[in-house]
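Me: I'm new to this structure and would love a close look at one part of it. Could you take me to a single spot and walk me around it slowly?

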Amino acid sequence: VPINWVADMMAAAVELRPRNATYHFVHHQPPKVRNCLAWSLEYLKIGGQVVCNSHGAKELAIRAQSQLVRRLQRRIDYVHDAYVPYCTTETHFQMEAAPHELGEKFRYPPPIDRQFIHRLLSYARQWHWDVDRKRARVDA
């Protein structure tokens, strides 16, 4: 979720009277990670990636990779395995207490779609987040 939305909602929640409740600041319509990845690669003009829908398809894709790419893939998988449930299922977290308790101060986060991801990456590139500082050049 956009961090500025979370910060706004947390600031509003601080003003609530104390009670034994948990406020989940989550997206009410979360996108799949695979879609965010596809939109990001599209914006960055990076092609040739394969997003597999099954373990069997992944194994076939790995066998077709060079040894170097296979090693890199194992390292990436090690990090991303924690996020598999969010990539492969429609995960929704309940966000009932926050809208109810915050009332008029509550607002839903913006949709996370292709345009949002492109705007986010455009901002990052505007501030040179893709610059290799050692060589002072832009990679993407």
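Reply: Happy to! Let's begin with Tyr83, which sits in the loop between helix H4 (67-80) and helix H5 (84-88). Please keep in mind that this is a predicted model.

How open is Tyr83 to its surroundings? Its relative accessibility is 45%, so Tyr83 counts as partly exposed, given that the partly exposed class lies between the buried limit of 20% and the exposed limit of 50%. Tyr83 also has partners at the surface: together with Tyr78 and Val79, Tyr83 makes a nonpolar surface patch of about 390 Å².

For contrast, let's visit another loop residue. Lys45 is found in the loop between H2 and helix H3 (55-63). With a relative accessibility of 74%, Lys45 counts as exposed. Its backbone has a feature to look for as well: the phi angle of Lys45 is near 60°, a positive value in a residue other than glycine.

Now let's turn to the aromatic rings. There are 4 aromatic pairs in the structure, and a good one to start with joins Trp5 and Phe25. Their ring centres are 6.2 Å apart and their planes meet at 80°, an edge-to-face arrangement. Which parts of the chain does this pair bring together? Trp5 belongs to helix H1 (residues 3-14), while Phe25 is in the loop between H1 and helix H2 (33-44), so the pair ties together parts that are 20 residues apart in sequence. Trp5 is buried, with a relative accessible area of 0%, and Phe25 counts as buried too, at 16% relative accessibility.

Trp5 has a second ring partner, Phe106. This aromatic pair is also edge-to-face, with 6.4 Å from centre to centre and 85° between the planes. Phe106 lies in the loop between helix H6 (97-102) and helix H7 (114-126) and Trp5 in helix H1, so here the pair ties together parts that are 101 residues apart in sequence. Phe106 counts as buried, at 11% relative accessibility.

Finally, put the rings together. Ring pairs link Trp5, Phe25 and Phe106 with Tyr108 into a cluster. If you want to trace it in the viewer, start at Trp5 in helix H1 and go to Phe25 in the loop between H1 and H2. Then return to Trp5 and cross to Phe106, in the loop between H6 and H7.

Note on methods: Residues are numbered from 1 along each chain as its sequence is written. This is a predicted model: local features need pLDDT of at least 70, side-chain atom pairs count only at pLDDT 80 or more; totals for chains, interfaces and linings use all residues. Side-chain values use heavy atoms; hydrogens and water are left out. Rings of Phe, Tyr and Trp (its six-membered ring) pair if their centres lie within 6.5 Å; planes under 30 degrees apart count as stacked, over 60 as edge-to-face and the rest as tilted. Helices (H or I, at least four residues) and strands (E, at least two) are DSSP runs, numbered from the N terminus. Buried means under 20% relative accessible area, exposed over 50%, partly exposed in between (1.4 Å probe, protein chains only). Patches are made of residues with over 30% relative accessible area and no salt bridge: like charges are joined within 9 Å, nonpolar side chains (Val, Leu, Ile, Met, Phe, Trp, Tyr) within 5 Å. Accessible areas come from the Shrake-Rupley method with a 1.4 Å probe; for residues, only the protein chains shown count as cover. A salt bridge is a side-chain nitrogen of Lys or Arg within 4 Å of a carboxyl oxygen of Asp or Glu.
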